[in-house]
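Let's take a walk through this model together. Keep the viewer open and follow along as we go.

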Amino acid sequence: MSELEEKPKDRETRDAQENAAPGLAERAKQAAEILVGKTTPEERKRAFVILFMCLLAVGMGQTLVFAVLPPITRKLGMGEFETTMIYSLSALLWVMTSAFWGRRSDVMGRKPVILIGLLGFAVSTTLFAFAVLFGLWGMVPLAFLFPLLMGTRAIFGTFGSGTMPAAQAYVADRTTRAERASGVAGIGAAFGIGTVVGPGVAAAFSEIHILAPFFAVAVLAFLSALMIWFLLPERTAPKSSIAEKRAGVKLNLMAPNVLPWVIVGVLLSLCQSTTMQLAAFYFMDVLHLEAEAATQAISIGLLVMALSTIMAQIGLIQRFNLSVQFLLRWGAVTMILASAMLVIANSLGVLVIGMGLAGLAFGLLRPGLQAGGSLSVSPKEQGAIAGIIGSTAATGHVINPFVGIPLYHWHHFAPFIMCGVLMVIILGFAVFHPLMKDLDQRADDFEDEEEGIGYH
C-alpha cells in the first residue's frame, strides 16, 4: 500500500512514533550511559547542587564558633589565646589530614570520603555543643572544659577535612578543562560562603539560644550525609592505574606547578583566619562593647561580609565565568582596601564596610586559588591537589595564635596591616609569576587526558 493509500489512523500512529523518537532516543542514550557507568548530564547537575549544599554546611561548621565562642569564653574566664587555641588544634589536624583524604579519594572513590567527612563534622559539632552547654551550667570545671572543647573540635579537624578535597576532585572528574575553573570555583564558592556565613548565622541563631546554631548545623550535616548516600551517583572508582590505586597519587610539594599555590594558600589562610578570629574581639575593643552588645554588632558585620561573599561567588563568578588571573588580582586589591578600612575604623559603620570588602575579597580569592591549583595538574592528580589546597585553608588557624594574637596585643589594628602586606604579595604573584601565564599552555598539555570525562 502506498503512502497515499495509507489509512489516516495508521498515518497518525506513524507520525506520533516519529515525533516521540527523539525523546526515546535520548532516554535510551541515558540508559546506556548508566549501564556503562557514566553519569548523565542531568545526574551531574543534580550532584553538583547536592555537593554545593553539603559544602555550605561544612564551611559553616568550620567558622560558626568565631562569633559565638569569644563572648562565651570571656564569660568563662578564657582569654584570646585559649580561645584561638581551640580553633588551632582542629586546624592543625585539618592541615595534617586533608592531603591524606584527598589521596584516599583517588583510591576509595570520592563518595565514601565525602561521607566520612560529613559524619565526622556532624558528630564533632554535636559533641562540642554539649560540652559548651555543660560548661555554662557549671557541670564541668574550666580546667577540664578547655581540653574537652579542643578534643571535640579535633574530631572535625581529623575527619571533616575529607569532604572538601573529595568533593572538588569529584567535580574535576566530571568537567573538561574549559569547564574546570567554573566548576571547581562553584564548589569552592559553597565552602567559602559557608565559612563566611557561619559566624553570621551563629550570631543570628544565638538570639534563640547561644547553642542553637551548633545543633542546627549538626542536623544539616546529618541530612547532607543522607543526601550524599542516596542521591550522589558514583558507579566506578576514579580513573587511575593499578599502581596509583594502591598508593594514591602523590604530588611533590616542591614541584614548580604546586609550591606557588601552597604559598598563596597559606598567605590567604592566615589573612582570612586573622580577620575571622579577631573580628569579634576587635568589635568589642574598638567600640568598647560588653559581650551581649558585641554579639549584635559583630552579627551585622558578619552578615554584610557573608552577603558580599555570596555576591562574589554566585553573582560574579558563576555568572561571568571569571578567569583565575582576574579572581586573584582583584581579590587581592579588594582585601588591601578592606584592611585599610579596618585599620582606620572608629565606628560601627566603617567596621561594617571593612568587613563587607573583606567578604568580597575572600569570595574571589578562595575559588581562584582552588581553580588555579586544579588547572595546574593533570586529571589523575585532582584528588591530590585538592587535598593539598584544602590543607592550606586551615594553616592560618594554626599560625594565628602565634602571629596574629601577639600583633593584636601590641596594637589592635596591627594584624590588619599584616593582612594588607600579605595581599600585596599575592597580587605580585597574580601579576608577575610565570605560572599564571602558563595555565592555558597546561590546558593544552593535558587535553589528551580529558577522555572519559563524566565517568564514575
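**A buried glycine and its surroundings**

G157 counts as buried, because its relative accessibility is 0%. You'll find G157 in helix α6, which covers residues 142-159. Before going further, bear in mind that this is a predicted model.

What does G157 touch, once residues up to four places away in sequence are set aside? The partners are S90, L93, W94 and T97. T97 sits in helix α4, residues 80-108. T97 counts as buried too, with a relative accessibility of 13%, since the cut-off for buried is under 20%. Seen from its own side, and again not counting residues up to four places away in sequence, T97 touches G157, T158 and S161. There's also a long-range pairing to look at: G157 and A394 are 237 residues apart in sequence, yet their C-alpha atoms are 9.1 Å apart in space.

Now zoom out to the whole chain. The protein chain has 19 helices and 0 strands. Of its 456 residues, 56% are buried. Take the contacts with a separation of 6 or more: residues 24 or more positions apart account for 85% of them.

With no strands in the chain, helix pairs are the thing to follow. Start with α5 (residues 110-136) and α9 (residues 212-231), which pack at an angle of about 160° with their axes 9 Å apart. Angles over 145 degrees count as roughly antiparallel, and α5 and α9 are therefore roughly antiparallel to each other. Their crossing is left-handed. As for what lines this contact, the residues where α5 meets α9 divide into 19 nonpolar, 3 polar and 1 charged.

Stay on α5 and look for helix α7, residues 163-173. How do the axes of α5 and α7 cross? They come within 8 Å and cross at roughly 150°, and the two helices are therefore roughly antiparallel to each other. Here, too, α5 passes α7 in a left-handed crossing. On the α5 side the meeting residues are R110, V113, I114, G117 and L118, and on the α7 side they are T163, A166, A167, A169, Y170 and D173. By class, that contact splits into 7 nonpolar, 2 polar and 2 charged residues. The spacing of such lists makes sense, because an α-helix has 3.6 residues a turn, so residues three or four places apart point the same way.

Helix α7 has another partner in α2, residues 41-63. The axes of α2 and α7 come within 11 Å and cross at roughly 160°. So α2 and α7 are roughly antiparallel to each other, and their crossing is left-handed. A47, F48, L51, L55 and V58 in α2 meet T163, M164, A167, Y170 and V171 in α7. This contact of α2 with α7 comprises 9 nonpolar residues, 1 polar and no charged ones. If you compare the two lists for α7, T163, A167 and Y170 turn up in the contact with α5 and also in the contact with α2.

Next, move along to helix α14, residues 348-375. How far should α14 span? At 1.5 Å a residue, its 28 residues should span 40 Å, and the C-alpha atoms at its ends are 41 Å apart, which agrees. α14 is mostly covered, with 23 of its 28 residues buried.

A good residue to click on in α14 is L365. L365 counts as buried because its relative accessibility is 1%. Leaving aside neighbours within four places in sequence, L365 is in contact with L268, L327, L328, G331, A332, M423 and I426. R329 isn't in that contact list, but the C-alpha atoms of L365 and R329 are separated by 8.3 Å, with their positions 36 residues apart along the chain.

Finish with a residue in a loop. H288 is found between α11 (259-287) and α12 (291-320). Buried or exposed? H288 is exposed, because its relative accessible area is 71%, and the cut-off for exposed is over 50%. Its backbone is worth a look as well: phi of H288 is near 55°, a positive value in a residue other than glycine. For context, most residues other than glycine have a negative phi.

Technical notes
Residues numbered from 1 in each chain as written. Predicted model: local features only at pLDDT ≥ 70, side-chain atom pairs only at ≥ 80, totals over all residues. Heavy atoms only, no water. Axes fitted to C-alpha atoms, helices over the stretch in contact; angles between N-to-C directions. Helix = DSSP H or I, 4+ residues; strand = E, 2+ residues; numbered from the N terminus. Parallel < 35°, antiparallel > 145°, perpendicular 65-115°, else oblique. Left-handed = near helix turned anticlockwise from the far one by under 90°. Nonpolar A, V, L, I, M, F, W, Y, C, P; charged D, E, K, R; others polar. Expected span 1.5 Å × (residues − 1). Buried < 20%, exposed > 50% of the residue type's maximum accessible area, 1.4 Å probe, protein only. Contact = heavy atoms within 4.5 Å.
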